[in-house]
Structure formats: structure tokens, C-alpha cells
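Reader: Hi! Could you walk me through a few spots in this model?

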Amino acid sequence: MHIDVITVQPDLLESPLSHSIMKRAQEKGLLTVKLHNLRQWALNKYGQVDDYQFGGGAGMVMMCEPLVNAIEHLTKDGPYDEIIYMTPDGPRFEQKTANTLSLQERLLIICGHYKGIDERIREHYVTREISIGDYVLSGGELAAAVVIDAIGRLLPGVLGDETSALTDSFQDGLLAPPVYTRPAEFKGWKVPEVLLSGNPKIIDEWRYNQAVERTRTRRPDLLDE
Ligand code: ADE
């Protein structure tokens with residue numbers, strides 16, 4: 001998969017993409033992410049990419065022209081399956097969306113800043129809007145890092161244990177069950193006996209029941225769905 005990102009703050013994205021699993025995905029050639037500074041397509045030597053909003057009011061708006069020039073330039077390398085705009089007023093990002101996007105080949109992510117981007121870009125270019133939650137970040141970069149991480153770890157071959165993404169929370173609509181590791185007893189706190197039984201059938205059953213119980217108490221809204 002290839003992901004292009006249009007941003008005015010590429011540094012904010014560099015670090016989360018160059019560690020751990022995202023680093024491994026890129027080293028294995030399963031994921032390429034390219035950060036593009038929007039200022040390359042600025043209108044003047046001051047690097048202008050934003051302007052006052054029509055109708056008045058505080059806050060700048062990211063202008064059409066630099067964004068269109070960036071999108072048109074990047075599209076020359078091939079069409080995008082999705083052009084995504086990170087914004088707090090988009091639909092909330094969920095595991096289902098990560099699963100869907102992980103099946104695509106080429107994505108373009110636009111990170112907003114200030115008051116956001118000119119609405120006409122959303123109307124004419126953006127195919128999907130994503131919010132990572134009901135709060136406002138200073139820009140779309142950290143949100144884009146979240147989305148890229150969630151998608152990247154789903155690409156086949158990225159995680160060492162191929163099954164481990166399948167047993168993540170949310171993959172089956174439930175939270176994940178509790179997990180334990182050695183020692184079997186610590187400060188008198190014991191690991192549930194069943195996990196030491198060596199019987200895969202009763203262990204699976206226990207895990208499923210725990211997942212249901214955990215979801216019922218912590219996130220009952222997931223069960224309603
Ligand atoms: N940009 C600013 N806040 C955001 C959010 N919550 N989700 C996605 N993009 C954003």
C-alpha cells in the first residue's frame with residue numbers, strides 16, 4: 001500500500017511513522033508513506049497556503065489553489081482509491097473503517113489546520129472524511145498518524161503473528177479479554193486457573209465469555225450494534 005500525506009507540518013508525522021510496527025511495515029516494503037509539505041505549492045514566496053474566511057470571523061482557511069495543485073500533481077503518479085480529509089466534523093474512525101481502508105492500494109490523506117480547508121475541496125476532491133474522536137486537535141497530523149497506524153498493522157505480513165490483528169479488540173465487535181504472562185503467581189495474585197489448563201477449547205470459551213462480560217460492563221453500546 002502507498003499513502004501520500006499533504007501537510008503543513010510533516011515533522012509531526014515523521015516520528016510516529018518511523019518506529020516499531022510502522023517502521024517494520026515500511027522496511028518490509030509492505031507500506032510506503034510519503035509526506036508532502038503543502039508549502040511547496042504555496043502561492044507566493046512567503047509560503048502562503050491559507051487566507052481569511054469569507055463572511056468574517058476568527059481563524060484562517062486553507063486555500064483551494066495550493067491544495068488543488070498538490071492533489072493534481074500527486075495524482076499524476078496514479079489515481080487514488082480514496083482521498084481522505086482528517087477533520088473533527090467527519091464520521092468517527094472505527095476498526096471497520098481501518099479494515100476497509102487496509103484493502104486499498106493508494107490513499108491520499110489531507111491534514112487540515114487552522115479553521116480547516118475550503119469547502120470546495122471537500123466537495124470536489126475528498127472521498128472520505130475521518131474524525132478520530134469528538135475533540136479538536138491543533139491539526140490533522142496526529143489524527144492521520146492514528147489512521148495510518150491502524151491501517152498499516154492490518155496489511156498482510158506486517159504483524160509477526162498473522163493472527164494477532166484478528167484477535168484485537170473490536171475485530172469481532174467485542175473488547176479483547178484479559179491477558180496474563182509469567183509468573184503464574186505474583187504477590188499472591190494468581191492467573192486464572194483455566195489459562196494454565198492447556199485445554200484450548202475451554203480456554204477459548206473462557207476468553208469469549210470474558211470478552212462479552214468486559215464489553216457488557218465497559219462498552220455496552222458495542223453490544224447494541
Ligand atoms: N483535526 C483536528 N481535530 C481532529 C480530529 N478529532 N479528528 C481528525 N482530524 C482532526
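Reader: Let's start with Lys187: is it buried or exposed?
Author: Lys187 is exposed, because just 5 other C-beta atoms lie within 10 Å. The cut-offs are 20 or more such atoms for buried, 12 or fewer for exposed, and partly exposed in between, with C-beta atoms placed from the backbone. One caution: this is a predicted model, where local features need pLDDT of at least 70, side-chain atom pairs count only at pLDDT 80 or more, and totals for chains, interfaces and linings use all residues. Residues are numbered from 1 along each chain as its sequence is written.

Reader: Thanks! Where is Lys187 placed?
Author: In the loop between β8 and β9 (189-190). Helices (H or I, at least four residues) and strands (E, at least two) are DSSP runs, numbered from the N terminus. Lys187 also has a positive phi of about 55°, although it is not a glycine.

Reader: And what phi does Phe170 have?
Author: A positive one, about 80°, and Phe170 is not a glycine either. Most residues other than glycine have a negative phi. Phe170 sits in the loop between α6 and β8, and is partly exposed because 16 other C-beta atoms lie within 10 Å.

Reader: Switching topic: which residues does a cis peptide bond join?
Author: Arg182 and Pro183, with omega at about 5°. Pro183 lies in the loop between α6 (141-152) and β8 (185-186).

Reader: Last one: what is Asp118 in contact with, beyond four places in sequence?
Author: Val61, Met62, Met63 and Cys64; contact means C-beta atoms, placed from the backbone, within 7 Å. Asp118 itself is in the loop between β6 (106-111) and α5 (119-124).

Conventions
Contact = placed C-beta atoms within 7 Å.
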